[in-house]
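Hello,

Here is the structure I said I would pass on. My notes follow below it.

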Amino acid sequence: RPDSGEIYVANTEALNLMHFDTNLRGHFIDNRMARINPADGSVTNYDLNPGIDYNVLPNLAAKSNALSQPTAIVFDGSGSNLYVTSFGTDRIAKLDPDGNILARIEVGPPTEFGSEIDSRNMRGPRGLALNAATGRLYVLNRIANTLTVIDTTNDVVLKEIPIGSFDPTPTAIRQGRGFLYDAKQSGNGTASCAGCHIDSDMDFLAWDLGNPGGE
């Protein structure tokens, strides 16, 4: 953070200490932003989905706002606002330094739900670069291989630019990749397969997902 020197870190917190999948019910991971004071090492975590009622499934209202798998953070020059990518829901969130969400900017396909979710055309915002002087925020979309340009004055998307004309990835893999990361496919928009299988790998955490009441 330019004005204070504090360090902000996008992260997720797995709830793997909670036993049995029936107890997790749509809430097995928290999407967070950590604020670190380098002077004393203290850490304050902010939940990026503070208003979601995890007892409601499916939760269409949550899907329309949820932030999942934050991957990048950039501050404006004054340190008064910051932007965070939501890789799992194709959104950019604008926040104040205390974790309050000021705006959500859609960079993916039109927001649809249920069987209409377009995971084949996920954008996957992964990186950010801010040109504060011109009021332009540049978003690297890893899955779509595009660059989205955002006007930070009004927090609106101006255009999306392809950044690679040749993609050697087989079509089945290219179109299927979004299904691993698309949190909009979940009941409340907060989690995807990639919540545990980060970047299609493993989180190497121990989970007890048995169900003693099951058959």
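Thr 152 is where I started: this residue lies in the loop that links β10 (146–151) to β11 (156–162). Please keep in mind that the model is predicted.

Although in a loop, Thr 152 counts as buried, because its relative accessible area is 16% and the cut-off for buried is under 20%. Leaving aside residues up to four places away in sequence, Thr 152 touches Tyr 83, Lys 94, Leu 130, Gly 135, Arg 136 and Leu 137.

Now the chain as a whole. The chain has 3 helices and 11 strands. Read from the N terminus, the order is β-α-β-β-α-β-β-β-β-β-β-β-β-α. The radius of gyration is 18 Å, close to the 17 Å that the globule rule gives for 215 residues, so the chain is as compact as a globular protein of that length. Along the principal axes, the C-alpha atoms fill a box of roughly 60 × 50 × 30 Å.

On burial and contacts: of the 215 residues in the chain, 43% are buried. Taking contacts between residues at least 6 apart in sequence, 48% join residues at least 24 apart.

On the surface and charges: the chain exposes about 10,900 Å², and 52% of that area comes from carbon and sulfur atoms. There are 17 positive and 26 negative charges in the chain, and the mean positions of the two sets are 7 Å apart.

Regards

Note on methods. Residues are numbered from 1 along each chain as its sequence is written. This is a predicted model: local features need pLDDT of at least 70, side-chain atom pairs count only at pLDDT 80 or more; totals for chains, interfaces and linings use all residues. Side-chain values use heavy atoms; hydrogens and water are left out. Helices (H or I, at least four residues) and strands (E, at least two) are DSSP runs, numbered from the N terminus. Buried means under 20% relative accessible area, exposed over 50%, partly exposed in between (1.4 Å probe, protein chains only). Contact means heavy atoms within 4.5 Å. The radius of gyration is taken over C-alpha atoms; the globule rule is 2.2 Å times the number of residues to the power 0.38. Accessible areas come from the Shrake-Rupley method with a 1.4 Å probe; for residues, only the protein chains shown count as cover. Lys and Arg count as positive and Asp and Glu as negative; His and the chain ends are not counted. The place of a charge is taken as NZ of Lys, CZ of Arg, CG of Asp or CD of Glu.
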